[in-house]
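Hi everyone, thanks for making room for me on the agenda. I'd like to walk you through one structure today, so please have the viewer open.

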Amino acid sequence: LDSTQRTGNYTNMCRKASGPISSEVATPEPDAMKQTLSHENDRTPSMLARYSCASVLMGFLAVWCKVAFVPESEQPGVGVELHTWHTPAMLTVGYLVSLPLLRTFTEKVLAPRYDLKALLTEAMVLYNVAQVILNG
C-alpha cells in the first residue's frame, strides 16, 4: 500500500467512527443534570449526623481529660504505681485491633453513603480547637 491509500483508510475509518464534525457544543440533557445534582445531594450528611460525630469526639475528650488531669489531692505519692503493665498493653492491643475494623467500616459503610469531609468538619474544628488549647 502506498501512503495515500493508508491515509485514506485511516481518514475514512475516523469519519465512520466519529460521525460528522460540527462546531456545536453538546449540552447535557436537563434530566441528566438533575440526576447528577440529586446524586451529589444524597451524599451530603445531615446536621444531626455531623453534630453526632462532634459529640462522640467530645465524649472521648471528656473521658481523656477525666483520666489525664487528676487533682493534686488525689494524685498518688512518689513510688506508687498507677497501674501495671497490663493496662497500656491492653490499650495498645485494643487500638491496633480497632484500626482495621474502623477502616473496613469506613470503606464499606460511611464512604459510599456520605461525603466524609462534610461529615467530619465540625469534629475536625473541635479537635483543632482542643489541640490549640492544650498546647497553649
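I'll go from the overall fold to two helices, then to a pocket, and finish with the cysteines.

One thing up front: this is a predicted model. The protein has 6 helices and 0 strands, so if you read the elements from the N terminus on, you get α-α-α-α-α-α. Of its 136 residues, 7% count as buried. Now look at contacts between residues at least 6 apart in sequence: 82% of them join residues at least 24 apart.

Let's zoom in on α3, which covers residues 47–68. This helix has 22 residues, and from first C-alpha to last it reaches 31 Å, close to the 32 Å expected at 1.5 Å a residue. Which residues of α3 are buried? They are Ala49, Arg50, Ala54, Leu57 and Leu61. These residues cover an arc of only 140° around the axis, which puts them on the same side of α3. For anyone who likes the helical-wheel view, an α-helix has 3.6 residues a turn, so residues three or four places apart point the same way. Turn α3 around to the other side and you find Leu48, Val63, Lys66 and Val67, which are exposed. As for what covers the buried residues of α3, the list includes α5, residues 116–119, and α6, residues 121–135.

That brings us to α6. Its 15 residues should span 21 Å at 1.5 Å a residue, and the end C-alpha atoms are 21 Å apart, which agrees. The buried residues in α6 are Glu122, Ala123 and Ala130. Seen down the axis, they fall within an arc of 95°, so they line one face of the helix. The face turned away from that buried side carries the exposed residues Val132 and Asn135. Covering the buried residues of α6 are, among others, α3 and α5. Right after α6 comes glycine 136, with a positive phi near 80°.

Now for the pocket, which I suspect some of you have been waiting for. The largest pocket has a volume of about 300 Å³. Which residues line it? The lining consists of Ala49, Cys53, Leu102, Phe105, Thr106, Leu110, Tyr114, Leu116, Leu119 and Leu120. At least two residues of that lining come from each of α3, α4 (86–113) and α5. The largest share, 4 residues, comes from α4. Ala49 appears here again, having come up among the buried residues of α3.

Last stop, the cysteines. A disulfide is a covalent bond between the sulfur atoms of two cysteines. How many disulfides does the model have? The count comes to 0, with the cut-off for the sulfur pair set at within 2.5 Å. Are cysteines 53 and 65 buried, exposed or partly exposed? Cysteine 53 is partly exposed, with a relative accessible area of 24%. Cysteine 65 is partly exposed as well, at 32%. Cys53 is also one of the residues lining the largest pocket.

That's my tour, and I'm happy to take questions.

Definitions and conventions: Residues are numbered from 1 along each chain as its sequence is written. This is a predicted model: local features need pLDDT of at least 70, side-chain atom pairs count only at pLDDT 80 or more; totals for chains, interfaces and linings use all residues. Side-chain values use heavy atoms; hydrogens and water are left out. Buried means under 20% relative accessible area, exposed over 50%, partly exposed in between (1.4 Å probe, protein chains only). The expected span of a helix is 1.5 Å times one less than its number of residues. The arc is that of the directions from the helix axis to the C-beta atoms. Contact means heavy atoms within 4.5 Å. On a 1 Å grid over the protein atoms alone, a cavity is a set of points where a 1.4 Å probe fits but cannot get out, and a pocket is an open set with protein on both sides within 12 Å along at least five of seven lines; lining residues have an atom within 4 Å of a point. Grid points are joined across faces, edges and corners, and a volume is the space filled by probe spheres set on the points.
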